[in-house]
Amino acid sequence: MKLLSISAGKVAPLFGNHHPDYKSVASAIRKKSISNLQNPTAVEITNLGVAGDEQADLSVHGGIEKAIYVYPAEHYSFWNELLARETKRPTSLEYGAIGENFTIEGLVETDVFVGDKLLIGELEFIVVKLREPCFKFNAAMAYKGASKAMLQSGYSGWYLRVLKTGSLQAGASITLVPGSRDTSIAQQNHNLLKSRNQKDLWE
């Protein structure tokens, strides 16, 4: 289990400046890798997440409880294939494209439970909850069905709270320390999908 990439982004108009009606919609979902296996730069991790990373809406992302968004690299092939099919354009997403701060390998939503600890390098984190996608994810993917696809696939990723701050770089090994193991991220996603289906509320 390994950390493949650390990504950060700045708040910017989500739809770009060529959409005057949407200039007020800001997001930092478009993140770029700042530490990866090719260039494993050391990055400072604070209680609020990756130094230099920004969030536009702290009610949804960021803050102490959602300081770091983690996404499994294993899901990238799913998104590349889906987006290529739906947009009719070849797609090869780079790490950070899902909006995540940490791209990891070796752990997916069925393996990770709320309250589990992740030891990454010398730092410590605790699993808080899944990511619930919104219309901004659709916009970032340039596909209106992206949020629905994330929920239906269960490929949500999850948020971490930072327990021990410090410096971290891509290539660091990850150790999972089980908590009470009551609810997995996959189970959270299943419950959310069920409640959305009952209300038929889709973005």
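The following paragraphs lead through a predicted model of one protein chain, from its overall make-up to its cores, a strand pairing and selected residues.

Residues are numbered from 1 along each chain as its sequence is written, and side-chain values rest on heavy atoms, with hydrogens and water left out. Because the model is predicted, local features need pLDDT of at least 70 and side-chain atom pairs count only at pLDDT 80 or more, whereas totals for chains, interfaces and linings use all residues.

The secondary structure of the chain comes to four helices and 13 strands. These elements are DSSP runs numbered from the N terminus: helices are H or I runs of at least four residues, and strands are E runs of at least two. Of the 203 residues, 46% count as buried. Buried means under 20% relative accessible area, exposed means over 50%, and partly exposed lies in between, for a 1.4 Å probe and with protein chains only. The chain exposes about 9,900 Å², and carbon and sulfur atoms supply 51% of that area; the accessible areas come from the Shrake-Rupley method with a 1.4 Å probe, and for residues only the protein chains shown count as cover. Among contacts in the chain with a separation of 6 or more, 77% are between residues 24 or more positions apart, where contact means heavy atoms within 4.5 Å.

The interior comes next. In soluble globular proteins, nonpolar side chains tend to be buried together. A nonpolar core is here a set of buried Ala, Val, Leu, Ile, Met, Phe, Trp, Tyr and Cys residues joined through side-chain atoms within 4.5 Å. The largest such core has 30 residues, of which I45, I68, F102, F125, W158 and L168 touch the most other members. Strand β10 (residues 123-130) provides the largest share of this core, four residues. A second, separate core has 16 residues, including Y76, M141, A146 and Y159. Returning to the largest core, one may take L168 as an example: leaving out residues up to four places away in sequence, L168 touches L3, I6, T41, A42, V43, I45, F102, I120, G121, L123 and F125.

Two of the residues touched by L168, I120 and G121, lead to strand β9. In a regular strand the side chains alternate between the two faces of the sheet. Strand β9 (residues 117-120) shows such an alternation: L118 and I120 point to one face and are buried, while K117 and L119 point to the other and are not. Strands count as paired if DSSP finds at least two bridges between them. β9 runs antiparallel to β10, with four bridges joining the two, and L118 stands opposite F125 in β10. The two strands form a hairpin with two residues between them, and G121 in the turn has a positive phi of about 60°. β9 is also joined by four bridges to strand β13 (residues 174-177), again in an antiparallel arrangement. In β13, T175 is the bridge partner of L119.

Strand β4 (residues 32-36) holds S35. S35 has a relative accessible area of 0% and is therefore buried. A polar atom of the S35 side chain lies 2.6 Å from the backbone oxygen of T41. Beyond its neighbours within four places in sequence, S35 is in contact with L4, S5, I6, P40, T41, V43, Q169 and A170.

Charged residues complete the picture. Side chains of opposite charge can pair when their charged atoms come close. A search of the whole structure finds five salt bridges, each being a side-chain nitrogen of Lys or Arg within 4 Å of a carboxyl oxygen of Asp or Glu. One of them joins R161 to E65, with the closest N and O atoms 2.9 Å apart. This pair links distant parts of the chain, 96 residues apart: R161 lies in strand β11 (residues 158-164), and E65 lies in the loop between β6 (49-50) and β7 (68-72). R161 is partly exposed at 27% relative accessible area, and E65 is partly exposed at 39%. K129 forms a salt bridge with E132, the closest N and O atoms being 3.1 Å apart. K129 has a relative accessible area of 22% and so counts as partly exposed, as does E132 at 32%. In the salt bridge between E86 and R85, the closest N and O atoms are 3.9 Å apart. E86 is partly exposed at 37%, whereas R85 counts as exposed at 51%.

How values were computed
Polar contact = N/O pair within 3.5 Å; in protein donor to acceptor, adjacent residues only side chain to side chain.
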